[in-house]
Structure formats: structure tokens, C-alpha cells
Amino acid sequence: MSEPPREAGSPPLPPSTDTHRGWLHKWTNYLKGYQRRWFVLSNGLLSYYSSTCSPSCSGLHPGGGPMGGTLAMGTQAEMGHTCRGTINLATAHIDVEDSCTFVLSDSGRTYHLKASSEVERQRWVTALELAKSKAIRMMNNQSDDSGDEEPTSQSDKSELHATLRTLANKLDDLSQCNDLIAKHGAALQRSLSELESLRLPAESGEKIKAVNERATLFRITSNAMINACRDFLDLAETHSRKWQRALQYEREQRTRLEETIEQLAKQHNSLERACRGAPTLPSSSTEVSSTSKARVRRIKGETSDEDEETEYFDAMENAPEFITVTTDPTRHRRTGSNISGTSSDQTETWNLDDHAFDCQHQASFSAESRGVKSNRKRRTQIPDKPNYSLNLWSIMKNCIGKELSKIPMPVNFNEPLSMLQRLTEDLEYHELLDKAARCDSPAEQMCYVAAFSVSSYSTTTHRTAKPFNPLLGETFELDRREESGFRSLCEQVSHHPPAAAHHVYSKHGWTLWQEITIASKFRGKYLSIMPLGTIHLQFNCGGNHYVWRKVTSTVHNIIVGKLWIDQSGEIEIINSKTKDKCQLKFSPYSYFSRECARKVTGMVTDSESKASYVLSGTWDEKMEFAKVVESSQDGTSCEGKQKTVYQTLPPKVLWRKYPLPDNAENMYYFSELALTLNELESGTAPTDSRLRPDQRLMENGEWEEANVEKQRLEEKQRAVRRSREAEVATAAEEGREHEPYQPVWFEKKEDPITGEEVYVYKGGYWECKETQDWKTCPDIF
């Protein structure tokens, strides 16, 4: 528990890293202005309470001073009954406005707060920043540990994990305090410089007071850093030898376990074949031929040096442990019992020669989707990217902890495409949905939908540049009815937070729509891009409706080294009609892992949680699926848990990535579809991304002119926003309602599947294009 509230002018104390509380003034409205409120910071949450309780119930004097022993009881009583609001610091933004005022905001609310002095304000800001850092770290640890092995009963292992987490927390505290010391030290130096340059004696007292306050801030932060350093060194000296012994023991145990499970899986497959009268295995009982070699797929990220035929699967969260073994399709054509998920009659059509998406089949789809049937010839190249040098640190050092969409960035970081065009790139492998529309089995259809959800990340392998942030009201259309049978429309429907709505209609029997909000955070060494929103896909035949969300993208080596992108997280695809599910896991890259990079694994289950297909592959190359024909329970699992063993037919290719065009490294690594997205077309709306001047200048290699034009467009957008805010304020003063901004082609409705308010296409765009009636479009360029 932290100290009770102190009177203004009392000596400041270092903020508590766990709990912090005190009086602040909070802005309420234009009539009441700032009101005094009691704030409590605890466990990554900032809550505030009413200050109007009587002294008897709150334990406080009317003037706000402490009353000794009655404070704790009174505060608890007030906290239990008069909490007015809470902000989770893990998703909050902290902005300092002036010497005594700061702003705390998240996606749902904003608090304008004022302290009694600059020292008091800085005590709160320091405590909030440390609490935010810990809250984010705790959230990431919970996400990262979701697929880790459960700790064994050995006390030294659990102690090791706890110590490592504690050391990581302390190290982050050091980094946070170091940043604060650097900031306050610079401010102190500026104050001293101003003091030395003074000429009028009357100003000396105020400047000396400012210097003293900044010296106090510097001392507080220095003490906090020294304490964190001491704790860190004590833990490191105490546990360093124990870590080495424990880590060595873990490595040896993992190696033995991998070898044992490998032999058990192969022997299990061999014995099962022998019991069923299968042909004898060649040479050794532990080796199998190329057509029947056991593919051991298991969970929990355990690694080993295996041959080329061995692959591993990561288990889904809250899913039972399992092993899958590839079996001979001729042996399960008419099996009777223990069939899991799929009908045995369907195995007769499962032939190795019948690839779901083999090279010839892919080539035919590729030719159809790339303009063979159209009389128009699409462009195959754009001007080469200029080789401009860029001091990255000079721009990014001021971006730490801020939302990237609110920071002005030069076009040097961009690629000549808008975020709306980048969103349309998800349709590059639309032929997967065309094939899914022709599937009779919902489970098999789910496999193609899963492959489509993975394919949207294939273009991000080398695409480290940032697309242009769309202006409010900006649109992008892609009409490919002649070539591919679909047409797509995107519109930027919100600016803060930035949100885009997307609608696709295909004459092949499917409709896709989504609303995506991009949340991005610069973490110092890497950039996290978190797409928020739901993707909907509905098929006309059968009425199957699929819903899923995207995973997090991470751009590494922001400061030093070569940029590279990784995808991590889980996608859960749900068929709202049949309740079938597909859980896909994108394994994050690990330097210490010997598994293949960019790995994706998954399982398709029905409404009764019976597995029907196993999915495997990588998000940058290909995806395969294998039909589950039989399942059994294996009671020999390590850690005393029971594993499910799935026997599958040989896998077939669902999706394979198209090769990049020639000279792609000099054209921003664009795919053949991406090269055509910014190609000028006649008849588009005046708000179309193709007509954006700064983007066009950048594509032509005129980066300096593009930066000037980008600043002009952003200033124009800010002026429109200020005008709209002024109209809102005027309406509020006059007591009338002001209608918020409404998109042109989309409207907000309640999603019957998720219950959320989302933007959906309301129609009219393609009709306006036919008549060239664009009077409803705003002037944004």
C-alpha cells in the first residue's frame, strides 16, 4: 500500500511500483470544469472515486488532508461504493500537455487530469508509465506462455521460470527509468541554461524554483533506477549458477524425450500394420517407405533433428495433446469402427494423384486470374525504387509508446500503395474461395477457407514498407468481373481510430465483407501491427457463413539490422451454420527453435469437437491438409496426460504461393496483383486511391515532391477535422444534436453473428459508376 495523500508542498517520495494513490483534478465538462477526484493506481488499472463523501465515511478532512488511522478504512469504503471509472493501462496512451496537466486515454474514454504542481504531475506520470510497462509485459507473457509446456513437479524448474520472469521485469524497469532520467536530465540542463542567461533579478526566484523542482524529479528517478539496479544484481548473483544447471538439465531431458517419442511413433505404426496384415516393411522395422513413412506431428514446440519427412504440429490452446500418423489410404476404405470426423466412404476418392491445388491446377487458376480472358493487358512493372539513405533513429526515437497512425511519417517508409489497396490484396488467391464454393462437404470447404485466411500473409514476407494511411472518405475499387468474376470496394470510414470497410461480391457464389482497424505500436526494437475487426465470408450454395479475425504482425530490427516480418497468434474460423471450427496457430519465430520458420498448423473439427482434417504448412509458401480416418487414445504421454493419436491419409496441397515477378526486389517486392492495383483506370470515383497525388509521385520516384504533397493532404484533412469539431461544439452550446460523420458507401449496422456494430456496404457505388454521378463524394485530394 502506498502512502496516504499529502498536502501540496510536502516533500515528494518515489512512486510505488505496485500501488499509487492521491488527489487529482479531473476535467468533467464546460460548466463544472476541473473537479477534485481520488485516484488509485493498482495492478495496471487506474480508477477514480468521488471526492464528495463526508469526512466520517471517507476518513478525510474536508480540506483533503489525512486523518491518520481512519484513512485506510474510509478509502476502502469509498472504493467499494463510489468508483466512477477505470482505465486499463495496457491499452492506454499517456500524453503530457503542460507543467501540471496530462491526458490518459484508451479506445473508450479520455481523462484530462491536472496535478497541484509539476512535481506532483511527474510523480503520477512516472508511476503510470511504470505500471503501463508492467501491464503490457504481463499481457505479453500470458500470450507467449499459452503454448508453453506446463511446469513439472520439480521445484527448481518452477523457481527458474519465476526468477526469469522477475529478472525480465526488473530489466524493463531499468530501461524505463533510464529513459526518464535522460528526459529529466535534458530538462534540467535547459533550466540551468535559462538561469545563467537571466538579466533581471525579479525573474531569478521563479527560475531557481524551476531548477529545484527539476532537480527533485531527477533525484526521484535516479533513486528508483538505483533501487531497480540493486534488485537486479542481487537476483542475478543469487541464481546464475542455478540457471545454468537447470537449462542443461532441460536440454538433456528434451533430447531424450524427442528420441523416445520418435521411436515410439514409428514402432506404433509398424506394429499396427503388422496386426492388420499389412505388407512387410522394407529393411528395418523402424524405417518406412516414402509412400507410408510415418509423419510424426506433435505439440508443445519440442524440437529434434529429423529427416525431411518429419513435421511437427503445435497444439491449439485448451486442446488435448495429440499425435498424427500418416497411413495407407487403401487400408481405410471400408473400416468399421473408431472413424473420427469424416465418413470412410469418402476415403475412396482420396488419391495422391488428386492434388487439391497441384501445379497444373494452380497454373490454370493463375492464368484465369491474371487477365488471360480479358482483352485488357495489365501492367507488369513500375518504376524502380530510388536508393535514398535515411536516418531511421532520428525519426523513430520520438515515437516510442505512441500510436503510429498519429505520427507524421515521410514517404521514405512507405510503399506506393494505400492501406485500402493493401487490404484488397487479400483477394490474390480468390480462386481458393471459388473452389470452396463448389465443395459439398462443409469440413472440406472449411479447409479452403482456412487456406485463404493464411494466403493473405504470403505477400508480407519481404514487404517491410508501410502503406499510405487512407484519408477519411478515400475509396478503392477493384473490378475484375471479366478476369476473375469478382469486384471489390473499400472505403475509409473512420479516421480516429483509423478503420476501413471492405465488401467483395463474386459471381462464383460467395460474398466477403470486413471492417478492419489497424492498431500499431512502436516498441523500440520492433513494431507490432494488430488488425482489429471481424472478417465474414458467406457462400450462396448451402448458406455456410464463416467468421474469423487476423493475427498480429511484427516488424523486427526497426533500429539496427535488416527488417523482417513475422506473424504470430491464433485464428479461429467458425461456421456459424454448422458450428464447425478450424483453429490455426501461427508459431512465432524463435532463434533457439529448430523447427521451420513461419509454420502454421491447425485442426478442423465439427460441432461435437471430432477432428476431420489436419492442416500444416507455412504462411509464406504453401498449406496442406490431410483427412483424419481414425483416432485412438494413447496413455503413455509424458506428464501423465493422455494423448489422442490421429491416423490420416497422405496430405494434399491446398494452396501454394505464386512466384514473384522478375526484378521484384526493386519494385517493393510487389506481387503481380499488387503491380496492377495502382494502375490508372477510367471511370473510378474521384476519391479513389489511384488518384492520390502523393502516392502517384512516390511511385514515379519523385519522393521529395511526394513528401510535400503528403503534408498538404494531411493538413487539409486536419482542417476539415477541426471544422467538424467546431460544428460539434457549436451544436452542444446550442443544445442540439450534431450528426457525426457518415461514410458515403457504407453504413453501421449490428452484426447478427457477433452482435457488434460494424460498417456494411449499403449499395449504390457501382450504379453511380455507370452514370458517373459522383456528387456525393467528398473533396479529399
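## Threonine 534 and its surroundings

Threonine 534 touches Trp513, Gln514, Glu515, Val547, Trp548, Arg549, Thr754 and Glu756, when residues up to four places away in sequence are not counted. This description, like the rest of the report, concerns a predicted model. With one of these partners, arginine 549, threonine 534 also forms a side-chain to side-chain polar contact of 3.1 Å.

In the chain, threonine 534 belongs to the loop between β15 (526-532) and β16 (535-539). Its relative accessible area is 6%, which is under 20%, so threonine 534 counts as buried.

## Overall composition of the chain

The protein chain contains 14 helices and 27 strands. Of its 781 residues, 48% are buried. The chain exposes about 38700 Å², and carbon and sulfur atoms supply 51% of that area.

Contacts between residues at least 6 apart in sequence can be divided by separation along the chain: 61% of them join residues at least 24 apart.

## Helix α10 and the loop before it

Valine 449 is placed in helix α10, which spans residues 442-455. The relative accessible area of valine 449 is 0%, and the residue is therefore classed as buried. Leaving out residues up to four places away in sequence, valine 449 touches Leu537, Phe539, Tyr546, Trp548 and Ile573. Trp548 is also listed among the residues touched by threonine 534. Valine 449 and cysteine 582 are separated by 133 residues in sequence, while their C-alpha atoms are 9.4 Å apart in space.

Cysteine 439 lies in the loop between α9 (431-437) and α10. Cysteine 439 has a relative accessible area of 16%; since the limit for a buried residue is under 20%, cysteine 439 is buried. Apart from neighbours within four places in sequence, cysteine 439 is in contact with Glu444, Gln445 and Tyr448. A further spatial relation links cysteine 439 to glycine 542: the two are 103 residues apart in sequence and 9.7 Å apart from C-alpha to C-alpha.

## Charged residues in helices α3 and α13

Arginine 123 is located in helix α3, which covers residues 118-144. A relative accessible area of 3% places arginine 123 in the buried class. The side chain of arginine 123 makes a polar contact of 3.2 Å with the side chain of glutamate 120.

Glutamate 725 is located in helix α13, residues 703-733. Its relative accessible area of 48% lies between 20% and 50%, so glutamate 725 is described as partly exposed. The C-alpha atoms of glutamate 725 and proline 740 are separated by 9.8 Å, with the two positions 15 residues apart along the chain count.

## Backbone geometry in loops

Most residues other than glycine have a negative phi, and most peptide bonds are trans. Several loop positions in the model are of interest in this respect.

Asparagine 43 has a positive phi, near 55°, and is found in the loop between β2 (33-42) and β3 (45-49). At a relative accessible area of 72%, which is over 50%, asparagine 43 is exposed. Arginine 598 likewise has a positive phi, near 60°. Arginine 598 is found in the loop between β20 (581-586) and β21 (599-605), and its relative accessibility of 28% makes it partly exposed. A cis peptide bond joins histidine 496 and proline 497, with omega at about -5°; proline 497 is in the loop between β12 (486-494) and β13 (499-506).

## Internal cavities

The structure holds five cavities of 30 Å³ or more. The largest cavity has a volume of about 90 Å³. Of the 13 residues that line the largest cavity, Ser458, Thr459, Lys657, Leu660 and Ser671 are the closest to its centre. By class, the lining of the largest cavity comprises five nonpolar, five polar and three charged residues.

Terms used: Residues numbered from 1 in each chain as written. Predicted model: local features only at pLDDT ≥ 70, side-chain atom pairs only at ≥ 80, totals over all residues. Heavy atoms only, no water. Helix = DSSP H or I, 4+ residues; strand = E, 2+ residues; numbered from the N terminus. Buried < 20%, exposed > 50% of the residue type's maximum accessible area, 1.4 Å probe, protein only. Contact = heavy atoms within 4.5 Å. Areas by Shrake-Rupley, 256 points an atom, 1.4 Å probe, with all protein chains shown as cover. 1 Å grid on protein atoms, 1.4 Å probe; cavity = no way out; pocket = protein on both sides within 12 Å on 5 of 7 lines; lining within 4 Å. Points joined across faces, edges and corners; volume = space filled by probe spheres on them. Nonpolar A, V, L, I, M, F, W, Y, C, P; charged D, E, K, R; others polar. Polar contact = N/O pair within 3.5 Å; in protein donor to acceptor, adjacent residues only side chain to side chain.
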